[in-house]
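Biologist: Could you take me through one part of this chain in some detail? I would enjoy a connected account of a single residue and its surroundings.

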Amino acid sequence: MTRYPSIARVNDCWLEGHNHGPDDVEYAGRIELCAPHIPYLVRASRALTGRMIRYLVEHGVRQFIDLGSGIPTQRHVHEVAQELNAGCRVVYVDLDPGVVADGRAILSDNDNAVYLHADVRDRDAVLGDARTRALIDFTEPVALLAIETLLYLPDSDDPGGLVASYLAALPSGSYLGMSHCGENSQLSEGLDMFSRMFGQPPVVTLRERDELERYFGDAEVVEPGVVPVLLWHPLTEEELGRNPELAHMYAGLGRKA
Ligand SMILES: C[S@@+](CC[C@H](N)C(=O)[O-])C[C@H]1O[C@@H](n2cnc3c(N)ncnc32)[C@H](O)[C@@H]1O
């Protein structure tokens, strides 16, 4: 069991996974008390990942690098991609050593997926790692994913410049998929309440849709653009829900020309 709050394990609680302990359940409960809509957004985000992977596989992509991955279960990247095409290869990356250890155990019998322990801000460590180079063919399109990850990078880390530098190292036809929580009073008030009740809340930087749009740089953003997460290629009426435009979490997918 971890002795520090791990946001990936907290997400695992809300995704009904099996990689969390009592500390994580307690921390998840604190977050839910202050911002009750967060579990809903986490589930919406995981459903988005599934839809993006389906889109990418249908568009011929077979290789994925997922930045800030969390626990690789509950319909995470390799599960969806390899179900659609067994030859899909996935590199997961996270900074949290406990999450990486769990990830490696989960992937131990999967020859086409690896889990790197690295800081996503160190692009060369991620792309230059021998395991990445063994799995990813850099002459073929790669999908780079940052799903609710840039949230954890402050502006001083230049998240837009970071994803641009990754994309610059990938061949033409590669994709960049991102989602990001926007600024909204519900979330900011929830964070304020957390700090009043429990002390330091998770440190995140909320960003608006136009900022996420800028992060795509020269990549051509595919339809329907950068939109509230539920509106990105929804599959079912149930997934769409009511008032999907009100979810302050934005998503988009860009293609490098
Ligand atoms: C919201 S969680 C998991 C998001 C995951 N992409 C998903 O869709 O479920 C964000 C993850 O990013 C990781 N993370 C945050 N900053 C990071 C960094 N600089 N380098 C690598 N991982 C990072 C955290 O450890 C955490 O597991």
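Modeller: Happily; here is a look at Pro228, followed by some backbone features elsewhere in the chain. First, the ground rules: this is a predicted model, where local features need pLDDT of at least 70, side-chain atom pairs count only at pLDDT 80 or more, and totals for chains, interfaces and linings use all residues. Residues are numbered from 1 along each chain as its sequence is written, and side-chain values use heavy atoms, with hydrogens and water left out.

Pro228 sits in strand S7, residues 227-228 (helices, H or I of at least four residues, and strands, E of at least two, are DSSP runs numbered from the N terminus). Pro228 counts as buried because its relative accessibility is 4% (buried means under 20% relative accessible area, exposed over 50%, partly exposed in between, with a 1.4 Å probe and protein chains only). Beyond its neighbours within four places in sequence, Pro228 is in contact with Arg209, Pro244, Glu245, Ala247, Met249 and Tyr250, contact meaning heavy atoms within 4.5 Å. Asn85, by comparison, lies 143 residues from Pro228 in sequence and 28 Å from it in space, C-alpha to C-alpha.

Another proline, Pro224, belongs to the loop between strand S6 (220-221) and S7. A cis peptide bond links Glu223 to Pro224, with omega about 5°.

Two other residues have backbone angles to note. Glu16, not a glycine, has a positive phi of about 60°; Glu16 lies in the loop between helix H1 (7-14) and helix H2 (22-34) and is exposed at 62% relative accessible area. Asp158, also not a glycine, has a positive phi of about 50°. Asp158 is in the loop between strand S4 (143-147) and helix H8 (159-168), and is partly exposed at 44%.
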